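This report looks at the bound ligands and the residues around them. The sequence and structure come first.

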Amino acid sequence: MTAIFVSATGTDVGKTFVTSGLIRHYRQDERAVDAIKPLVSGFDPATLEASDPGALLTALGRPITLEEAQRISPWRFAAPLSPDMAAAREGRAIDFAAVTEFCRAAIAACRSHLFIEGIGGIMVPLDASHTVLDLITQLRLPLLLVAGTYVGTISHTLTALQVLARRNLDIAAIVVSESQDSAAGLDDTVATIARFSDSIDVVGIPRLTDAASTHPAFARIAQLL
Ligand SMILES: Nc1ncnc2c1ncn2[C@@H]1O[C@H](COP(=O)(O)OP(=O)(O)O)[C@@H](O)[C@H]1O
Ligand SMILES: [Mg+2]
């Protein structure tokens, strides 16, 4: 069993896209795979298919139902805000220990590859005192750090690496998923990040038009996990 935590330099960078591509790759290879995304904000049950749990369930070949969304994403909030703020809008609060326990139980139950998609970037607050980084630290899983090619991504990525190093977290790979209409090229961004990130593997994924693509980059990433 291999569990991997998928985080990013920010929100809307490509965590779900990369995770879904990897799930498709494993399934094509007839390797068992599962995924959870414990916390989701901006969730509307009326557009379940377009949500992160919907995208992951589609990639997993599971039914797109609220029961399945509850199974992989128990903490769902309507407001498209950081989870602590989105929860507060509903008069709720996130129980950090319960989120950690949920992930631990999923890891323990999984007999295959398990992807755990985080929320936003690596230091998004979950409650008054914990961020996603604290969840990764509790779980001590290898991390897939997703970056983009948007302007600012290199600084965001190198800042994230410093913070992760301070917690002695293991980074399985950095994935640069090409951002829409970005001025910086994919190859240049990959090369620059690689130059500053010692021995960590950096893999680029070009902008793909087909969401269900089996681009060879996914096989390369899978080899690093
Ligand atoms: N390499 C790529 N090619 C095509 N579309 C991409 C790529 N990377 C990300 N996207 C798209 O960008 C949007 C944001 O990505 P997503 O995976 O949802 O981000 P996150 O999960 O980090 O919030 C989605 O519509 C996704 O399909
Ligand atoms: Mg996502």
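## Pocket and burial

In this predicted model, ligand 1 sits in the largest pocket. Three protein backbone atoms make polar contacts with ligand 1, as set out here. A backbone N or O atom of Asp 12 lies 2.8 Å from an oxygen atom of ligand 1, and a backbone N or O atom of Lys 15 is likewise 2.8 Å from an oxygen atom of the ligand. At Leu 208, a backbone N or O atom is 2.8 Å from a nitrogen atom of ligand 1. Taken alone, ligand 1 exposes 560 Å², of which the protein buries 77%.

## Shell around ligand 1

Ligand 1 is surrounded by 14 residues, and the closest are Asp 12, Thr 16, Phe 17, Ser 177 and Leu 208. By class, the shell has five nonpolar, four polar and five charged residues. Helix α1, which spans residues 15-28, gives the most to this shell, with three residues.

## Magnesium site

Which protein residues are donors of the magnesium ion (ligand 2)? They are Thr 16 through OG1, Asp 52 through OD and Glu 117 through OE, at 2.0 to 2.2 Å from the ion. Thr 16 is also among the closest residues to ligand 1.

In sequence, the donor residues follow the spacing T-x35-D-x64-E. Thr 16 in helix α1 and Glu 117 in strand β5 (residues 113-117) are 101 residues apart, and the pair links distant parts of the chain.

Notes:
Residues are numbered from 1 along each chain as its sequence is written. Chains are lettered from A and ligands numbered from 1 in the order in which they are written. This is a predicted model: local features need pLDDT of at least 70, side-chain atom pairs count only at pLDDT 80 or more; totals for chains, interfaces and linings use all residues. Side-chain values use heavy atoms; hydrogens and water are left out. A residue is near a molecule or strand if one of its heavy atoms lies within 4 Å of it. A polar contact is a pair of N or O atoms within 3.5 Å; within protein, one must be able to donate a hydrogen and the other to accept it, and residues adjacent in sequence count only if both atoms are side-chain atoms. Accessible areas come from the Shrake-Rupley method with a 1.4 Å probe; for residues, only the protein chains shown count as cover. On a 1 Å grid over the protein atoms alone, a cavity is a set of points where a 1.4 Å probe fits but cannot get out, and a pocket is an open set with protein on both sides within 12 Å along at least five of seven lines; lining residues have an atom within 4 Å of a point. A molecule sits in a cavity or pocket if more than half of its atoms lie within 2 Å of its grid points. Helices (H or I, at least four residues) and strands (E, at least two) are DSSP runs, numbered from the N terminus. Ala, Val, Leu, Ile, Met, Phe, Trp, Tyr, Cys and Pro count as nonpolar, Asp, Glu, Lys and Arg as charged, and the others, Gly among them, as polar. Donors are N, O and S atoms within 2.8 Å of the metal (3.2 Å for Na, K and Ca); water is not among the atoms, so sites may look incomplete.
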